[in-house]
Amino acid sequence: MKIKKENLIHDAFDIGISIKGIDGVLEIIGGIILLFASPIRVNKIIDILTRHELSQDPNDIIAHYLTNFAHNFSASAQLFGSFFLLSHGIIKVFLVVSLWKGKHWAYPLAVSIFSLFTVYQMYRYFLKPSPLLIILSVLDIFVIVLTWLEYKRVKSEITKGRGIGHLGH
């Protein structure tokens with residue numbers, strides 16, 4: 001029973017960090033796009049994307065959020081957003097690759113960094129509440145717990161003399 005539980009946690013960990021890795025790559029792509037997109041172009045793109053939806057449902061929450069974002073989008077917001085996305089994405093991808101390689105130092109570092117990201121998301125939530133920030137934070141906490149449990153499993157295997165990383169079963 002214990003082995004099945006460990007395998008389930010290990011598999012959930014692999015899925016969780018894979019999602020984090022995909023998220024990191026998407027953040028890098030988004031940061032690069034944002035870096036080269038002018039505020040006027042962002043306004044036009046969001047207008048095109050939301051026009052049809054708002055004509056059919058004038059109360060669409062997501063479309064209103066996007067149009068509000070576009071109208072408040074400035075060059076300084078563009079630079080901050082690009083830096084934010086690029087730095088988050090690069091850090092996440094670096095940590096995920098390190099975890100996939102079974103680097104033992106990466107587990108506590110990932111827990112620490114992902115925890116800091118979560119604290120920042122909660123800070124942002126209290127400044128401007130968003131259900132998306134709550135969802136992201138809950139998912140991050142789930143990955144943090146799985147990373148810590150996987151780290152304990154890997155340490156236990158090393159202590160027992162098996163010495164295998166997270167990819168071994």
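Which residues are exposed on the other side of α3? They turn out to be I61, I62 and Y65, where exposed means over 50% relative accessible area, buried under 20% and partly exposed in between, with a 1.4 Å probe and protein chains only. The structure here is a predicted model, so local features need pLDDT of at least 70 and side-chain atom pairs count only at pLDDT 80 or more, while totals for chains, interfaces and linings use all residues. Residues are numbered from 1 along each chain as its sequence is written, and side-chain values use heavy atoms, with hydrogens and water left out.

Back to α3, which spans 61-71; helices here are DSSP runs (H or I, at least four residues; strands would be E, at least two), numbered from the N terminus. A63, T67 and A70 are its buried residues. Looking down the axis of α3, these buried residues fall within an arc of 60 degrees, so they line one face of the helix; the arc is taken from the directions from the helix axis to the C-beta atoms. An α-helix has 3.6 residues a turn, so residues three or four places apart point the same way. Part of the cover over the buried residues of α3 comes from α2.

One residue of α2 that meets this region is L54. L54 is found in helix α2 and is partly exposed, at a relative accessible area of 22%. Leaving aside residues up to four places away in sequence, L54 touches D60, A63, H64 and T67, with contact taken as heavy atoms within 4.5 Å. From L54 to H64 the C-alpha to C-alpha distance is 8.0 Å, for 10 residues of sequence. Helix α2 covers residues 39-56, and Q56 sits in it. Q56 is exposed, with a relative accessible area of 58%. Between Q56 and L86 there are 35 Å in space, C-alpha to C-alpha, although the two are 30 residues apart in sequence.

Next come the charged pairs. Side chains of opposite charge can pair when their charged atoms come close. Counting a salt bridge as a side-chain nitrogen of Lys or Arg within 4 Å of a carboxyl oxygen of Asp or Glu, the model has 6 salt bridges. In one of them, K20 pairs with D140, and the closest N and O atoms are 2.3 Å apart. K20 lies in helix α1 (residues 2-36) and D140 in helix α6 (residues 131-159), so the pair ties together parts that are 120 residues apart in sequence. K20 is buried at 4% relative accessibility, and D140 is buried too, at 8%.

K92 and D23 form another salt bridge, with 2.5 Å between the closest N and O atoms. Here K92 belongs to helix α4 (residues 75-100) and D23 to helix α1, so this pair ties together parts that are 69 residues apart in sequence. K92 counts as buried, at 4% relative accessibility, whereas D23 is partly exposed at 27%. D23 and K92 also join E27 in a network of salt bridges.

Within helix α6, the side chains of E157 and R153 meet in a salt bridge of 2.4 Å, N to O. E157 and R153 are 4 residues apart in that helix, about one helical turn, and both are buried. K5, in helix α1, is exposed at 57% relative accessibility. The C-alpha atoms of K5 and E157 are 15 Å apart, with the two positions 152 residues apart in sequence.

Then there is the empty space. Rolling a probe the size of a water molecule over the atoms shows where empty space is left. On a 1 Å grid over the protein atoms alone, a pocket is an open set of points where a 1.4 Å probe fits, with protein on both sides within 12 Å along at least five of seven lines, and lining residues have an atom within 4 Å of a point. The largest pocket holds about 2,000 Å³, the volume being the space filled by probe spheres set on the points, which are joined across faces, edges and corners. It is lined by 47 residues, and Y65, F69, F84, L85 and L132 are the closest to its centre.

At least two lining residues come from each of α1, α2, α3, α4, α5 (106-127) and α6. Helix α1 gives the largest share, 11 residues. By type, the lining divides into 32 nonpolar, 8 polar and 7 charged residues, with Ala, Val, Leu, Ile, Met, Phe, Trp, Tyr, Cys and Pro counted as nonpolar, Asp, Glu, Lys and Arg as charged, and the others, Gly among them, as polar.
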